[in-house]
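Here's a quick briefing to read alongside the model. Keep the 3D view open and click along as you go.

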Amino acid sequence: MRATRGCTRSACQEPAVATLTYVYSDQTAVLGPLATHAEPHTYDLCVAHAERLTVPRGWDVVRLATEFEPAPPSPDDLLALADAVREASRTPPPTAVPAARGEFPGPPAPVTAHRPAPEVGRRGHLRVIRGEGD
């Protein structure tokens, strides 16, 4: 689980600190503080990508903030983390069932392709198959 949103640039693993929005009708890119919610058609950027932002020739950049700091975890993030820990602790661990022990009757007889042999016992992923003479 990730507590903060990450940078939307490909292969960047840094936390996002700014939100970039394009206003195509005005040929303007608006770079501001990290939005409270992830919105479609916006891009979250880390410090390095926010500082090195370039736009197409002829476009303007409006910077609403000059310094970007990572957002501290919000109470919602902490509550989500606590809920995940509680949920994980409620799940009972799988009970181990010991395999049944018995005598192995020897190597299985060849099985014909047209008639499946009945299964006698099973231990894990191994099966004991009764042969035609048994």
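What follows is a short lead, then bullets grouped by topic.

Bear in mind that this is a predicted model. The chain folds into 2 helices and 6 strands, and from the N terminus the order is β-β-β-α-β-α-β-β. A good place to start looking is the stretch around strands S1 and S2, with Trp59 as a partner for several residues there.

**Overall numbers**

- Of the 134 residues in the chain, 17% are buried.
- About 10900 Å² of the chain is exposed, and carbon and sulfur atoms supply 56% of that area.
- Take the contacts with a separation of 6 or more: 51% of them join residues 24 or more positions apart.

**The nonpolar core**

- The largest nonpolar core has 13 residues, and those with the most contacts inside it are Cys7, Ala18, Leu20, Leu31, Leu45, Ala50 and Phe68.
- Strands S1 and S2 each put at least two residues into this core.
- Phe68 is worth a click: leaving out residues up to four places away in sequence, its contacts are Val17, Ala18, Leu31, Gly32, Pro33, Val47 and Ala50.

**The aromatic cluster**

- The structure has 4 aromatic pairs. In one of them, the rings of Tyr22 and Trp59 sit 5.8 Å apart centre to centre with planes at 85°, so this pair is edge-to-face.
- That pair ties together distant parts of the chain, with Tyr22 in strand S1 and Trp59 in the loop between helix H1 (47-51) and strand S4 (60-63), 37 residues apart.
- Tyr24 also pairs edge-to-face with Trp59, again at 5.8 Å between centres and 85° between planes. Here Tyr24 comes from the loop between S1 and S2, and the two residues are 35 apart along the chain.
- How exposed is each of these three? Trp59 is buried at 18% relative accessibility, because the cut-off for buried is under 20%. Tyr22 is partly exposed at 24%, while Tyr24 is exposed at 58%.
- Tyr43 joins Tyr22, Tyr24 and Trp59 in one aromatic cluster.

**Val23 and Thr28**

- Val23 belongs to strand S1 (residues 18-23) and is partly exposed, with 28% relative accessibility.
- Beyond its neighbours within four places in sequence, Val23 contacts Thr28, Val30 and Trp59. Its C-alpha atom is 9.9 Å from that of Asp60, which is 37 residues away along the chain.
- Thr28 lies in strand S2. With a relative accessible area of 12%, Thr28 counts as buried.
- A polar side-chain atom of Thr28 is 3.0 Å from the backbone oxygen of Asp26.
- Not counting residues up to four places away in sequence, Thr28 touches Thr21, Tyr22, Val23, Trp59, Asp60 and Val62.

**Positive phi outside glycine**

- Which backbone angles deserve a look? Gln27 has a positive phi, near 50°, without being a glycine. This residue is in the loop between S1 and strand S2 (28-33) and is partly exposed, at 41% relative accessible area.
- His41 is another non-glycine with a positive phi, about 70°. You'll find His41 in the loop between S2 and strand S3 (42-45), where His41 is exposed at 70% relative accessibility.

Key:
Residues numbered from 1 in each chain as written. Predicted model: local features only at pLDDT ≥ 70, side-chain atom pairs only at ≥ 80, totals over all residues. Heavy atoms only, no water. Helix = DSSP H or I, 4+ residues; strand = E, 2+ residues; numbered from the N terminus. Buried < 20%, exposed > 50% of the residue type's maximum accessible area, 1.4 Å probe, protein only. Contact = heavy atoms within 4.5 Å. Areas by Shrake-Rupley, 256 points an atom, 1.4 Å probe, with all protein chains shown as cover. Core = buried A, V, L, I, M, F, W, Y, C linked by side-chain atoms within 4.5 Å. Polar contact = N/O pair within 3.5 Å; in protein donor to acceptor, adjacent residues only side chain to side chain. Phe/Tyr/Trp six-rings, centres within 6.5 Å; stacked < 30°, edge-to-face > 60°.
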